[in-house]
Amino acid sequence: MKDQLYTIFQNSGNLSLWQITMHIVVAAILGFVIFLSYAITHRGTIYSKKFNVSLVVLTILTGTVMTVIGNNIALSLGMVGALSIVRFRTAIKDSRDTVYIFWTIIVGICCGVGDYEVAAIGSAVTFAALFLLGCIKGETRMLMIIRASRSKQPDIQSYIFKTFHNKAILRVRNTTEESVEFIYEISSKVLQQVEKTGKNVIDEIYRLNSIEYVNLVMQNDEVSN
């Protein structure tokens, strides 16, 4: 029993130079596919070439690590222990970036253990899914901020309801003895539909009189630098 455990812990797979090279080269090729997928499907304003290049490098490094570990349980436990002391605090600006990070790790693992077919087929399907669905952007929302005399509170609420009905959601209402501030959330699509009818929403709000200011703030799912 003792000898069997010793054999398991010492087993490193005995990979040849050709096998090691294939693992890393295939990981690099599929990493380049991930690079192209990210560049093609990304439609945001915060595209980072450095992040995209790091995806390729991460794929290669993961494949290299998995090639080293192989079937060696001792090395795998040591690697887990070493990585457990590393804390990554990089902010993910887009939820899709997390998908790409997992994609690179999975491809690296598959290439590191020699499962090229799984890595290639999985990458092809993922590429197709991201190409078809990855270009979808979240609907842009507008925050309409209105500050006015407190006596105009009923008039403002009445106008917003008549114009947008239930499509304008009241998020914040701040009041003082003399003034009131409303923050409504409205989708840009709804706002454009109203303005296509010939209404200038901001001008009509100012016609209510005693309006201090009306601000429109664009809000979406992306985080800018």
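In which helix is Thr163 found? I begin there, and I should say at once that the model I am presenting is a predicted one. Thr163 belongs to helix α7, which spans residues 153-164. With a relative accessible area of 10%, Thr163 is buried. A polar atom of the Thr163 side chain lies 2.9 Å from the backbone oxygen of Tyr159.

Beyond α7, the chain enters the loop between α7 and β2, the latter covering residues 169-175, and His165 sits in this loop. The phi angle of His165 is near 60 degrees, a positive value in a residue other than glycine. A positive phi also occurs at Asn209, where the angle is about 70 degrees although the residue is not a glycine. Asn209 is placed in the loop between α9, residues 201-206, and β4, residues 211-219. The relative accessible area of Asn209 is 48%, which makes the residue partly exposed, since the exposed class begins over 50%.

Let me turn to another histidine. His23 is part of helix α2. Is His23 buried or exposed? His23 is buried, at a relative accessible area of 7%. The side chain of His23 reaches the backbone oxygen of Gly112 at a distance of 3.2 Å. Setting aside neighbours within four places in sequence, the contacts of His23 are Leu15, Thr67, Cys111, Gly112, Val113, Gly114 and Tyr116.

Next, the charged pairs. How many salt bridges does a search of the whole structure find? The search gives four. One of the salt bridges joins Glu212 to Arg147, with the closest N and O atoms 3.0 Å apart. This pair links distant parts of the chain, for Glu212 is in strand β4 and Arg147 in strand β1, residues 141-149, with their positions 65 residues apart. Glu212 counts as exposed, at 52% relative accessibility, whereas Arg147 is partly exposed, at 23%.

A salt bridge is also formed by the side chains of Lys152 and Asp155, at 3.7 Å from N to O. Here Lys152 counts as buried, with 16% relative accessibility, and Asp155 as partly exposed, with 35%.

Arg171 and Glu185 form a further salt bridge, with their closest N and O atoms 3.0 Å apart. This pair, too, links distant parts of the chain: Arg171 lies in strand β2 and Glu185 in strand β3, residues 179-187, 14 residues apart. Arg171 is partly exposed, at 49%, while Glu185 is buried, at 18%. Which residues are linked with one another in a network of salt bridges? They are Arg141, Arg171 and Glu185.

I move now to the aromatic residues. The structure holds five aromatic pairs. One of them is formed by Phe32 and Phe35, a stacked pair with 5.9 Å from centre to centre and 10 degrees between the planes. Both residues lie in helix α2, three residues apart, about one turn of the helix. Phe32 counts as partly exposed at 45% relative accessibility, and Phe35 as partly exposed at 23%.

Tyr100 and Trp103 make another pair, and one may ask why this pair is tilted. The ring centres of Tyr100 and Trp103 are 5.7 Å apart and the planes meet at 35 degrees, so the pair is tilted; the stacked class requires planes under 30 degrees apart, and the edge-to-face class requires over 60. Tyr100 and Trp103 both lie in helix α5, residues 95-112, three residues apart, about one turn of the helix. Tyr100 is buried, with a relative accessible area of 2%, and Trp103 likewise counts as buried, at 6%. Together with Tyr38 and Phe51, Tyr100 and Trp103 form one aromatic cluster.

Finally, I come to the surface, where Phe32 appears once again. Phe32, Leu36, Ile40, Phe131, Leu132 and Leu133 form a nonpolar surface patch, with about 600 Å² of accessible area together. Which elements give two or more residues to this nonpolar patch? They are α2, residues 17-41, and α6, residues 116-133. Phe131 is found in helix α6, and its relative accessible area of 45% makes it partly exposed.

To close, I return to helix α2. That helix holds the buried His23, it contains the stacked pair of Phe32 and Phe35, and it gives two or more residues to the nonpolar patch.

Technical notes
Residues are numbered from 1 along each chain as its sequence is written. This is a predicted model: local features need pLDDT of at least 70, side-chain atom pairs count only at pLDDT 80 or more; totals for chains, interfaces and linings use all residues. Side-chain values use heavy atoms; hydrogens and water are left out. Patches are made of residues with over 30% relative accessible area and no salt bridge: like charges are joined within 9 Å, nonpolar side chains (Val, Leu, Ile, Met, Phe, Trp, Tyr) within 5 Å. Accessible areas come from the Shrake-Rupley method with a 1.4 Å probe; for residues, only the protein chains shown count as cover. Helices (H or I, at least four residues) and strands (E, at least two) are DSSP runs, numbered from the N terminus. Buried means under 20% relative accessible area, exposed over 50%, partly exposed in between (1.4 Å probe, protein chains only). A polar contact is a pair of N or O atoms within 3.5 Å; within protein, one must be able to donate a hydrogen and the other to accept it, and residues adjacent in sequence count only if both atoms are side-chain atoms. Contact means heavy atoms within 4.5 Å. Rings of Phe, Tyr and Trp (its six-membered ring) pair if their centres lie within 6.5 Å; planes under 30 degrees apart count as stacked, over 60 as edge-to-face and the rest as tilted.
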